[in-house]
Structure formats: structure tokens, C-alpha cells
Amino acid sequence: MTELTDITTLLLSRIRDVADYPEPGVMFKDITPLLADPAAFTALTDALAEIAVRAEATKIVGLEARGFILGAPVAVRAGIGFIPVRKAGKLPGATLSQAYDLEYGSAEIEVHAEDLTSADRILVVDDVLATGGTAEASLRVIRRAGAEVAGVAVLMELGFLGGRGRLEPALAGAPLEALLKV
């Protein structure tokens, strides 16, 4: 338990609260100080790579954009591939897309169709689980590609936004692991 407490303390100490960003009343959790600290970034990468290995993932899917920053080194550390899930219109070639609803409006994500196969077990990595919309859409597109969902791993879960509840049906029993819960 000491190790978990140590990493929790380290990670929390490197996340900066920014009041009223991006709009009044919002307390933004800025992870850039964590990324700038090699010890904290390494500890985060190691913790997420352990989750990937435990889940027997064959590839990491990183969600645009901070999921790229976290997911790519996790994939390297775990010795597996990395697949970016992008906003619609950002990937060349054949893609699979998934639309999803936001609080006000909708959005769409895409992945290269040939990057995921039925032999893959995918761990989705992102920085924050907020409302769960993007993560839920990623699980849907992963399954449509024929791959298996090994789970979702995030640095931080904003529990007050209810993302876990929204995501649980789409997880279909796969684990959701958050290193920090706010």
C-alpha cells in the first residue's frame, strides 16, 4: 500500500489546479507540470504499463490528444503497439468512425480500419475520465473493428461528472482503472 500512496502523492503533487479555465466556475486539472517532471512522468508511464501487462493488452489506443502523450510511452514500456484515435477528418485512408453526444452537440472520432484486428486486446489510455463520452465512443469503434476491449486506464477520474456510470455498460465487464479519483 505504501507504493500506491507514494505514486498517488507524487502524481497529485504535479497536477496544477487552474481556476476558471476554460470558463468561469471550472477548476481545470493541468497535467503539464507532471509531464515536465521526468520522475513523475516515468512513474505514471510505469503504472499504466503495469495495467496494460496485467490486462494482457496487445495494443494501446490513445485518445486525442493527451491520450497520445500518455499512451505512446505506455505502449513502448509494455512492448506493444500504439493506435491513435483521432477527431474526424484527421486520419488519411480508410477509417472507422463513431459519433457521440456531448453536453451541447455531438462529436466524432476515427481510427484506421486496418490497425485493429480480431486478435487484438485493446487498452484505452487517456488522461481524464470526465463524462465518459469519448471513451464510450472509442470502445464502440474498437469492437466494430473486431478487436476485444481489455479495459480503460486513466490518470484521473473526475467522479462528480458521472463518467464511470456512463461507461460501465460499454465496458461490458472490462475493467476501468483510474490512478487518481477527484
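This passage describes the nonpolar cores, the largest pocket, selected residues and the backbone geometry of a predicted model. Residues are numbered from 1 along each chain as its sequence is written, and side-chain values rest on heavy atoms, with hydrogens and water left out. Because the model is predicted, local features require a pLDDT of at least 70 and side-chain atom pairs count only at pLDDT 80 or more, whereas totals for chains, interfaces and linings use all residues.

Helices and strands are DSSP runs numbered from the N terminus, with helices being H or I runs of at least four residues and strands E runs of at least two. A nonpolar core is a set of buried Ala, Val, Leu, Ile, Met, Phe, Trp, Tyr and Cys residues joined through side-chain atoms within 4.5 Å, where buried denotes a relative accessible area under 20%, exposed one over 50%, and partly exposed the range in between (1.4 Å probe, protein chains only). In soluble globular proteins, nonpolar side chains tend to be buried together. The largest nonpolar core holds 28 residues, of which Leu 48, Leu 123, Leu 155 and Met 156 touch the most other members. Two or more residues are given to this core by each of α1 (2–13), α3 (38–54), α4 (66–78), β7 (121–129) and β8 (148–157), and α3 gives the most, with 8 residues. Another core, of 27 residues, lies apart from it and includes Leu 129, Leu 139, Val 141 and Leu 171.

Contacts, defined as heavy atoms within 4.5 Å, were listed for individual residues without neighbours up to four places away in sequence. For Leu 123, the partners include Leu 48, Ile 51 and Ala 52, together with Ala 57, Lys 59, Ile 60 and Val 61, and also Ala 150, Gly 151, Val 152 and Ala 153. Ile 122, placed in strand β7, is buried, with a relative accessible area of 0%. Among the residues that Ile 122 touches are Lys 59, Val 61, Leu 116, Ile 142 and Ala 147, as well as Glu 148, Val 149, Ala 150 and Gly 151. Between Ile 122 and Thr 95, which are 27 residues apart in sequence, the C-alpha to C-alpha distance is 17 Å. Ala 57, in the loop between α3 and β3, is likewise a buried residue, with a relative accessible area of 10%, and touches Ala 52, Ile 80, Arg 121, Leu 123 and Ala 150. Ala 57 and Leu 167 are separated by 110 residues in sequence and by 19 Å in space, C-alpha to C-alpha.

In strand β2 (residues 27–30), Asp 30 is buried, with a relative accessible area of 9%. Polar contacts are pairs of N or O atoms within 3.5 Å; within protein, one atom must be able to donate a hydrogen and the other to accept it, and residues adjacent in sequence count only if both atoms are side-chain atoms. The side chain of Asp 30 makes such a contact with the side chain of Arg 16, at 2.2 Å, and another with the side chain of Thr 32, at 2.8 Å. Beyond its neighbours within four places in sequence, Asp 30 is in contact with Arg 14, Ile 15, Arg 16 and Val 18.

Pockets were identified on a 1 Å grid over the protein atoms alone, as open sets of points where a 1.4 Å probe fits, with protein on both sides within 12 Å along at least five of seven lines; lining residues have an atom within 4 Å of a point. Grid points are joined across faces, edges and corners, and a volume is the space filled by probe spheres set on the points. The largest pocket encloses about 1300 Å³ of space and is lined by 39 residues, of which Arg 66, Val 128, Ala 130, Thr 131 and Leu 161 lie nearest its centre. The elements giving two or more residues to this lining are β2, α4, β5 (95–102), β6 (105–112), β7, α5 (133–144) and β8, and β7 gives the most, with 4 residues. The lining comprises 22 nonpolar, 6 polar and 11 charged residues, where Ala, Val, Leu, Ile, Met, Phe, Trp, Tyr, Cys and Pro count as nonpolar, Asp, Glu, Lys and Arg as charged, and the others, Gly among them, as polar.

Most residues other than glycine have a negative phi, and most peptide bonds are trans. The peptide bond from Tyr 21 to Pro 22 is cis, with omega near 5°, and Pro 22 falls in the loop between β1 (16–19) and β2. A cis bond also runs from Glu 64 to Ala 65, with omega near 0°, where Ala 65 belongs to the loop between β3 (59–63) and α4. Glu 56, in the loop between α3 and β3, is not a glycine yet has a positive phi of about 55°, and is exposed at 57% relative accessibility.
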